[in-house]
Amino acid sequence: MTRLVLLGPPGAGKGTQAALLSERLGVPAISTGDIFRANVAGETELGLTVKRYLDAGEYVPDSVTNAMVRDRLQQPDAAAGFILDGYPRTTEQVRELDGMLAESGAQLDRVLEITADTDELVRRLVARGQAQGRSDDTEDVIRNRQRVYLEQTAPLVQVYSERAVLRSVDGLGEVAEVTERLVQALDAVVDLREIRLDDVRAGDAVAG
Ligand code: ADP
């Protein structure tokens, strides 16, 4: 079972790494940003609702985002695990995700934070804006997205760190290097479980 959340500021490389980890782990990458953009492009009702938030670099209201994620996580392909890219982003979304997982008796295995300094982030996003023409990759909107991230999402690092599921990974360097760091941060999950199992066996041996 692989239930992961990728956390990190705009431009940290969550989308790129989510796709690579998805292939490697065989679970779907679920990007709320991608789903919103697809709906905007398709001019669906959801797309019309969220367009102005995306264009301004503001968060879509929690009620809208939560309902969308709930629906997506109920799809059969997410039953065995998932990589969430871009959700949760507010403490209210954390609560909501906790509820969704509890309903199916599941829990998060890891929250992986990808870090990078602000200058590098802005540089990457400006470059992406030029290459892909994303409407929110202009300098003004990028600054706003960074600000919103600091205010609303950065506090989640503390929340997940207190639950001991958080691992922080340096997002600077080659894409493949960063992927390896993330995979290493996952191996630690298995290692910890093995250690606990050994402890239990050692305990049994002593008791028996
Ligand atoms: P980035 O992380 O580079 O800003 P994303 O593709 O993850 O890009 O998100 C793009 C936009 O989609 C956000 O600026 C926001 O408007 C909206 N969005 C994505 N995820 C969420 C979320 N969990 N809550 C609210 N809005 C979201």
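Student: How do the residues of the shell around the ligand divide by class?
Tutor: Keep in mind that this is a predicted model. Sort the shell into three groups: nonpolar, polar and charged. Tyr and Pro count as nonpolar, and Gly counts as polar. The split is 7 nonpolar, 5 polar and 8 charged.

Student: Which of the 20 residues around the ligand come nearest?
Tutor: To be near, a residue needs a heavy atom within 4 Å of the ligand. There are 20 residues around the ligand. Those that come nearest are Thr-32, Glu-58, Gly-86, Arg-89 and Arg-145.

Student: How far is the polar side-chain atom of Thr-32 from a nitrogen atom of the ligand?
Tutor: A polar contact needs N or O atoms within 3.5 Å. On the ligand side, the partner of Thr-32 is a nitrogen atom. The distance is 2.7 Å.

Student: Which residue has a polar backbone atom 2.6 Å from an oxygen atom of the ligand?
Tutor: Look at the backbone here, since the polar atom belongs to it. For contrast, Arg-145 uses an N or O atom in its side chain, 2.8 Å from an oxygen atom of the ligand. The backbone atom at 2.6 Å belongs to Glu-58.

Student: How much of the ligand's accessible area does the protein cover?
Tutor: Start with the ligand on its own, which has 550 Å² of accessible area. Then add the protein as cover. The covered share is 97%.

Student: Which element gives the most to the shell around the ligand?
Tutor: Two elements give two or more residues to this shell. They are helix H2 (32-41) and helix H3 (45-56). With 4 residues, the top contributor is H2.

Student: What is the volume of the largest pocket?
Tutor: First place it: the largest pocket is the space taken by the ligand. Its volume is about 960 Å³.

Student: Which residues of its lining are closest to the centre of the largest pocket?
Tutor: The lining has 44 residues. By class, they are 17 nonpolar, 15 polar and 12 charged. Closest to the centre are Lys-14, Arg-37, Asp-85, Arg-128 and Arg-134.

Student: Which element gives the most to the lining of the largest pocket?
Tutor: Several elements give two or more residues, among them helix H1 (14-25), strand E2 (29-31) and helix H6 (118-132). One of them leads with 6 residues. That element is H1.

Student: Which strand supplies at least two residues of the lining of the largest cavity?
Tutor: The structure holds 1 cavity of 30 Å³ or more. Its lining includes Leu-6, Leu-7, Tyr-149 and Thr-153. Helix H7 (139-153) supplies at least two lining residues, and so does strand E1 (2-7).

Student: What is the omega of the peptide bond from Tyr-87 to Pro-88?
Tutor: Find Pro-88 in the loop between strand E3 (81-85) and helix H5 (91-103). Both Tyr-87 and Pro-88 also line the largest cavity. The bond between them is cis, with omega near -5°.

Student: Which residue has a positive phi although it is not a glycine?
Tutor: Go to the loop between H2 and H3. The phi in question is about 50°. The residue is Glu-43.

Methods: Residues are numbered from 1 along each chain as its sequence is written. This is a predicted model: local features need pLDDT of at least 70, side-chain atom pairs count only at pLDDT 80 or more; totals for chains, interfaces and linings use all residues. Side-chain values use heavy atoms; hydrogens and water are left out. A polar contact is a pair of N or O atoms within 3.5 Å; within protein, one must be able to donate a hydrogen and the other to accept it, and residues adjacent in sequence count only if both atoms are side-chain atoms. Accessible areas come from the Shrake-Rupley method with a 1.4 Å probe; for residues, only the protein chains shown count as cover. On a 1 Å grid over the protein atoms alone, a cavity is a set of points where a 1.4 Å probe fits but cannot get out, and a pocket is an open set with protein on both sides within 12 Å along at least five of seven lines; lining residues have an atom within 4 Å of a point. A molecule sits in a cavity or pocket if more than half of its atoms lie within 2 Å of its grid points. Grid points are joined across faces, edges and corners, and a volume is the space filled by probe spheres set on the points.
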